[in-house]
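I opened the notebook to record what I looked up in this structure, in the order in which I looked it up.

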Amino acid sequence: MWDALGGLGAGGAAEPYAVSAANALVYGLFAVVCAAAGAINNRIGLKYGLALGAVGYPLYGAGLYTNNVGTNTWFLLFGSALCGISAGFFWAAEAAIIIGYPSPKDRAFYLAIWQTAKAAGPIVGGAINLGLNANRKTTGSVSSSTYIVFIVIMCLGLPIALCLSPAPKVWRHDGTRIVVRQAATWGAEFKAVGKLFLSRRILLLLPAFFISYFYNGFLSTWLTTYFTVRSRAFSSFFTNFAGIFSSFLIAALLDNQKVHIKTRARIAFLSIVTILVGTWIWATVLQKQFYDAPEAPAFDWFKGGFGKSYALVFFWQFGGQAFQQFLYWLVGQYATDLSSTSHHVGILRGVEALGQTVAWAMQSEGNANHFVSIGLNFGITILCILPTWIILSELEHSHEVVVTKEVEDVEVAKDLRD
């Protein structure tokens with residue numbers, strides 16, 4: 001539902017600036033909390049980290065609702081702050097679960113399932129939004145009833161999270177078990193995160209982590225500025241299929257055991273970067289046309305220049321979701337167990353959130369030059385290629401410690417003898 005609200009363009013508001021500032025606050029707190037949450041979730045359990053993380057989302061939705069009906073900015077920022085704190089735990093927990101629970105050879109497929117589940121919320125929310133706003137032919141804010149439906153669905157997150165099976169009870173279909181190695185103390189847990197963050201591999205991947213979801217802030221402003229309410233509603237429904245499609249395409253490649261893992265990774269990365277660089281060149285051309293026009297366009301669905309402008313939104317999502325999935329798969333190959341996975345994804349999502357903090361902050365000014373956002377997205381995407389390529393060139397196999405049921409039984413028998 002969070003992504004569904006983002007798909008409305010500026011959270012469904014008429015003006016993107018207050019909502020962009022709220023999202024910058026959310027992601028700023030995400031960035032701080034996520035890295036720590038990787039360690040904290042290891043101590044309290046991923047199930048409870050997931051449940052704790054679900055608390056803040058309805059408050060964020062409520063903040064958007066009050067801002068929509070009464071321009072109540074303070075509660076929007078308050079709900080955003082609480083969401084930023086709690087959802088840092090959610091982000092770290094969900095990524096650790098979806099990377100750590102499947103076996104390495106199936107990981108990309110389950111990442112695609114996760115991306116589909118993530119998209120299912122916005123698809124449902126987008127369908128609701130489309131039904132409620134189909135007659136809105138002008139720019140502006142969406143109807144307030146849109147938010148009520150979203151908030152109700154968001155409230156289901158907490159009880160559903162508590163239904164998660166704990167890692168020690170999970171049996172993979174290939175017979176391997178999930179290894180959990182909890183640190184002896186809280187201090188040791190945080191020290192392990194700090195050591196990992198300063199490792200050569202993570203430092204080289206930081207530009208890719210930072211830029212992977214950076215496009216989202218500008219995408220929201222682009223929709224709000226140049227599209228009518230009902231065309232934004234259409235986007236909030238249909239654009240999510242782009243992420244589903246690219247997720248399964250990239251999964252088919254990354255899980256193909258007949259191709260060497262290094263080759264798979266390189267082909268996937270080059271394909272993604274080519275698409276993303278193409279979108280920013282495309283955005284530059286269109287933005288120049290919009291700035292040169294006598295007045296800013298307001299694209300209604302399937303009229304005028306809607307097709308070429310909306311296609312850019314579609315391919316942002318197509319390439320962006322594939323890039324995220326690729327990075328989760330990549331760090332999963334270097335994680336040794338579920339605890340290590342939690343540390344890796346806490347850092348990944350924390351830096352990713354830092355990128356979004358900058359991206360949304362740039363959209364919080366009413367007179368912001370869109371070429372600045374386009375240039376930064378393009379530049380950092382190019383900048384991340386070389387350091388990421390170095391890490392891909394060193395990829396030989398999964399580093400996960402393999403434990404089967406048979407090995408586990410032998411270890412238990414040995415412990416009993418001792």
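The entries below go from the whole chain to helix pairs and then to single residues.

**Entry 1, the whole chain.** I note at the start that this is a predicted model. I counted the secondary structure and found 19 helices and two strands in the chain. I then looked up burial, and of the 418 residues of the chain, 56% count as buried. The exposed surface of the chain comes to about 16600 Å², and carbon and sulfur atoms supply 69% of that area. For contacts with a separation of 6 or more, I found that residues 24 or more positions apart account for 86%.

**Entry 2, α4 against α5.** I looked next at helix α4, residues 56-70, and at α5, which covers 73-100. Their axes are 7 Å apart and the helices pack at an angle of about 160 degrees, which makes α4 roughly antiparallel to α5, since the angle is over 145. I recorded the crossing of α4 past α5 as left-handed. On the α4 side the residues that meet α5 include Gly56, Tyr57, Tyr60, Gly63 and Asn67, and on the α5 side I noted, among them, Phe75, Gly79, Cys83, Phe90 and Trp91.

**Entry 3, α14 and its two partners.** Helix α14 spans residues 261-292, and I looked up its packing against α13 and against α17. With α13 (residues 240-254), the axes lie 9 Å apart at an angle of about 155 degrees, so α13 and α14 are roughly antiparallel to each other. Here Ile250, Leu253 and Leu254 of α13 meet Arg264, Ala265, Ile267, Ala268 and Ile272 of α14.

With α17 (residues 370-383), the axes of α14 and α17 come within 10 Å and cross at roughly 165 degrees, and therefore α14 is roughly antiparallel to α17. The contact involves, among others, Leu276, Trp280, Thr284, Lys288 and Tyr291 of α14, with His370, Phe371, Asn377 and Ile382 included on the α17 side. I also recorded that α14 passes α17 in a left-handed crossing.

**Entry 4, helix α11.** I checked the length of α11, residues 215-226, against the expected rise: at 1.5 Å a residue its 12 residues should span 16 Å, and the end C-alpha atoms are 16 Å apart, which agrees. I then asked how many of its residues are buried. The count is 11 of the 12, so α11 is largely enclosed by the rest of the structure. The buried residues include Tyr215, Asn216, Phe218, Trp222 and Tyr226.

**Entry 5, Ser103.** This residue lies in the loop between α5 and α6, the latter covering 107-133. Ser103 has 3% relative accessibility and counts as buried, because the cut-off is under 20%. Leaving aside neighbours within four places in sequence, I found Ser103 in contact with Arg172, Asp174 and Thr176. I also looked up the spacing to Arg177, which is 74 residues from Ser103 along the chain, and the C-alpha atoms of the two are separated by 8.6 Å.

**Entry 6, Gly355.** I placed Gly355 in helix α16, residues 338-362. Is Gly355 buried or exposed? With a relative accessible area of 0%, Gly355 is buried. Not counting residues up to four places away in sequence, Gly355 touches Phe210 and Phe214. I closed the entry with Pro207, which is 148 residues from Gly355 in sequence and 9.3 Å from it in space, C-alpha to C-alpha.

Methods. Residues numbered from 1 in each chain as written. Predicted model: local features only at pLDDT ≥ 70, side-chain atom pairs only at ≥ 80, totals over all residues. Heavy atoms only, no water. Expected span 1.5 Å × (residues − 1). Buried < 20%, exposed > 50% of the residue type's maximum accessible area, 1.4 Å probe, protein only. Contact = heavy atoms within 4.5 Å. Areas by Shrake-Rupley, 256 points an atom, 1.4 Å probe, with all protein chains shown as cover. Axes fitted to C-alpha atoms, helices over the stretch in contact; angles between N-to-C directions. Parallel < 35°, antiparallel > 145°, perpendicular 65-115°, else oblique. Left-handed = near helix turned anticlockwise from the far one by under 90°.
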